Number of protein chains: 2
Amino acid sequence: MTRIARTDCKACPLRKLSVFRKFSSNEIEFVSTFKTGELSCDRGSTVLQEGAHSAHLYTVLKGWGFRHKLLEDGRRQILNYVLPGDLVGLQGSLTHEMHHSVEALTPMVFCVFERDRIDELFRNHPGLAYDLTWIAAREEGILDEHLLSVGRRSALERAAYLLAFLQIRARSVNAFNPSSDVIPVTQHHIADTLGLSTVHTNKTLRKLVKRGLILWRDRGCEVLDVEGLSAVAGWDVGHGGDRPFV
Amino acid sequence: MTRIARTDCKACPLRKLSVFRKFSSNEIEFVSTFKTGELSCDRGSTVLQEGAHSAHLYTVLKGWGFRHKLLEDGRRQILNYVLPGDLVGLQGSLTHEMHHSVEALTPMVFCVFERDRIDELFRNHPGLAYDLTWIAAREEGILDEHLLSVGRRSALERAAYLLAFLQIRARSVNAFNPSSDVIPVTQHHIADTLGLSTVHTNKTLRKLVKRGLILWRDRGCEVLDVEGLSAVAGWDVGHGGDRPFV
DNA sequence: CGCTTACTTGAGTCTGGTCAAACGGGGTGG
DNA sequence: CCACCCCGTTTGACCAGACTCAAGTAAGCG
């Protein structure tokens with residue numbers, strides 16, 4: 001893992017995306033000083049560890065990753081995926097201990113912020129403080145939907161929901177690399193997200209392929225028909241709307 | 001549903017509980033004016049509706065309830081339970097639409113706050129703003145754990161985890177009524193929380209009864225052995241720690 | 001070339017779902 | 001007061017979706 005400050009917040013490529021709200025110059029100024037550096041890591045590396053006491057807060061600048069928890073005997077549950085613009089480590093920053101781990105699915109780059117200055121953010125930048133709360137509430141909404149999915153949808157519905165969800169999210173933040181729109185996960189990751197075994201996940205994905213909704217590529221999934229998937233899942237995609245980010 | 005302002009924030013019975021952090025007089029002053037009234041409702045009534053555009057934010061003062069989501073065909077997933085001190089409707093306040101419903105398990109009383117004044121809270125009371133974020137992050141952590149449970153634990157483990165979780169939470173906020181420590185849910189609620197059928201839930205609960213970990217009472221569950229339950233679940237209860245509330 | 005990782009597929013098993021019936025308590029209308 | 005009904009719980013029989021085990025293929029890499 002290397003750490004070199006590079007991208008200037010004022011010229012942050014994410015800020016241009018239509019999904020994110022506009023910042024005041026005052027806010028950009030603060031964020032610039034709040035950011036202490038960048039962190040890069042390879043595919044497969046664990047960025048944050050369950051149980052760790054992290055002194056930092058991160059925003060994803062590039063790449064894909066996922067949050068997960070483990071049971072004693074090794075069973076793993078993937079909780080959500082992290083994409084450019086997502087904040088990670090907020091929980092650790094507030095409660096001083098991480099209750100989940102974060103691992104990279106592709107090479108990633110993060111902006112690093114000092115936890116100590118969060119107080120300052122809350123005191124002097126109510127707009128940004130509001131954003132943090134908004135982000136946490138949004139994550140909660142996503143988890144609600146995942147829980148509904150894992151608890152009450154069938155295997156086929158779950159898989160369809162997850163892939164539609166990831167496709168839409170990735171599209172909105174330009175997370176695909178230019179050559180191909182491939183969601184960079186293994187079937188094992190999907191299984192651990194849906195609460196299924198890898199074998200059954202494979203059989204389920206084959207059905208989606210047969211229906212012409214997706215293609216399975218080398219280490220990843222290409223979505224051919226998002227509406228088809230959300231129809232299978234019985235999922236109402238809902239609203240986009242401006243979102244904040246730090 | 002009636003609405004009569006009664007309990008004074010300065011004398012709020014919840015504030016005395018050891019789980020909550022101390023407020024400055026300044027903060028209590030603001031909360032007093034932020035609160036516009038109280039809302040009471042009966043068992044079974046829906047307090048907040050998925051899809052609604054609520055103008056309010058609530059804190060639970062008394063009683064038990066739960067948050068849930070529905071699929072088109074009626075399948076229901078209970079997401080979490082709400083107890084005294086919990087904030088409900090934050091999501092709706094930030095995104096202007098609720099993505100889940102809230103229903104009462106017992107008669108409940110809420111403090112009602114005006115959504116419009118949240119901006120003021122963020123501008124003038126960074127401590128409270130911080131608390132809101134903290135609360136949202138905590139809910140996220142709980143949902144993570146539930147997702148792990150539903151996705152990766154067996155029926156018996158799930159049931160044990162849920163009951164241990166509820167027992168501990170209820171204890172910490174004195175949510176039991178003086179005569180009996182009964183968690184006021186039906187087996188149907190438990191089933192919809194765990195992602196199981198009611199029939200299988202019943203068979204699973206009988207096993208916990210046979211092991212002497214719980215008793216099933218008239219419309220509710222009495223926990224006899226929290227440690228036993230968390231052991232069955234393979235759940236590390238973890239830290240309490242001061243928590244804020246509004 | 002051999003090793004590893006990821007995917008695929010089939011066979012047999014088991015957890016948990018569905019259907020069905022019955023019980024018991026509390027409330028209600030006759 | 002009693003009959004009835006409804007709701008929540010309980011249990012049994014049977015079924016199916018998902019799991020485990022196992023073997024085999026294909027691609028990538030040292």
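Ala, Val, Leu, Ile, Met, Phe, Trp, Tyr, Cys and Pro count as nonpolar here, Asp, Glu, Lys and Arg count as charged, and the others, Gly among them, count as polar. By that sorting, the surface near DNA strand C has six nonpolar, eight polar and three charged residues. The structure is a predicted model. Chain B superposes on chain A by a rotation of 180° with 0.0 Å of shift along its axis. The topics below go from the DNA to the chain pair, then to the domains, the strands and one residue.

**DNA strand C**

- The surroundings of DNA strand C hold 17 residues.
- A:Thr186, A:Gln187, B:Ala155, B:Val199 and B:His200 come nearest to the strand.
- Three elements give two or more residues each to this surface: helix 6 (187-194) and helix 7 (198-210) of chain A, and helix 7 (198-210) of chain B.
- Helix 7 of chain A gives the most to the surface near DNA strand C, with six residues.

**DNA strand D**

- Around DNA strand D there are 18 residues.
- The closest to DNA strand D are A:Ala155, A:Val199, A:His200, B:Thr186 and B:Gln187.
- Helix 7 of chain A, helix 6 (187-194) of chain B and helix 7 of chain B are the elements that give two or more residues to this surface.
- Which element gives the most to the surface near DNA strand D? Helix 7 of chain B does, with six residues.
- The surface near DNA strand D divides into six nonpolar, eight polar and four charged residues.

**How the two chains meet**

- The contact takes 34 residues from chain A and 34 residues from chain B.
- On the side of chain B that touches chain A, strand 5 (76-82), helix 2 (90-95), helix 3 (118-124) and helix 4 (126-152) of chain B each supply at least two residues.
- Helix 4 of chain B brings the largest share of that side, 19 residues.
- By class, the side of chain B that touches chain A has 16 nonpolar, ten polar and eight charged residues.
- The superposition of chain B on chain A, with its rotation of 180° and 0.0 Å of shift along the axis, has an RMSD of 0.0 Å. That is the relation of a two-fold axis.
- Which residue of chain B comes closest to the rotation axis? B:Thr133 does, with its C-alpha at 2.3 Å.
- The copies meet through the same surface, because 100% of the interface residues of chain B are also interface residues in chain A.

**Two domains in chain A**

- Chain A is divided into domain 1 (9-142) and domain 2 (145-233).
- The C-alpha centres of these two domains of chain A lie 24 Å apart.
- Contact between them involves 16 residues of domain 1 of chain A and 14 residues of domain 2 of chain A.
- Strand 5 (76-82) and helix 4 (126-152) of chain A each supply at least two residues of the side of domain 1 that touches domain 2.
- Strand 5 of chain A gives the most to that side, with five residues.
- This side of domain 1 of chain A has ten nonpolar, five polar and one charged residues.

**Strand pairing in chain A**

- Three strands of chain A form an open sheet in the order 9-11-10, with antiparallel pairing.
- Strand 9 (182-183) and strand 10 (214-217) of chain A stand at the edges with a single partner strand each, so one side of each is left without a neighbour in the sheet.
- Strand 9 and strand 11 (residues 220-223) of chain A pair in the antiparallel sense over two bridges.
- A:Val182 has A:Glu222, in strand 11 of chain A, as its bridge partner.
- Strand 1 (residues 35-41) of chain A runs antiparallel to strand 8 (residues 108-114) of chain A, and six bridges join them.
- In strand 8 of chain A, A:Val109 stands opposite A:Ser40.
- Strand 3 (residues 56-62) of chain A is also joined to strand 8 of chain A by six bridges, and these two run antiparallel.
- In strand 8 of chain A, A:Phe110 stands opposite A:Val60.

**A look at B:Phe20**

- B:Phe20 lies in the segment before helix 1 (25-34) of chain B.
- A residue counts as buried if 20 or more other C-beta atoms lie within 10 Å of its own, and as exposed if 12 or fewer do. B:Phe20 has 18 C-beta neighbours inside 10 Å, so B:Phe20 counts as partly exposed.
- B:Phe20 and B:Phe245 are 225 residues apart in sequence, yet 6.6 Å apart in space, C-alpha to C-alpha.
- Leaving aside residues up to four places away in sequence, B:Phe20 touches B:Leu14, B:Arg15, B:Gly85, B:Arg243, B:Pro244 and B:Phe245.

Technical notes:
Residues numbered from 1 in each chain as written. Chains lettered and ligands numbered in written order. Predicted model: local features only at pLDDT ≥ 70, side-chain atom pairs only at ≥ 80, totals over all residues. Near = placed C-beta within 6 Å. Helix = DSSP H or I, 4+ residues; strand = E, 2+ residues; numbered from the N terminus. Domains from an automatic or database assignment. Contact = placed C-beta atoms within 7 Å. Least-squares fit on C-alpha atoms with pLDDT ≥ 70 in both. Pairing = 2+ DSSP bridges.
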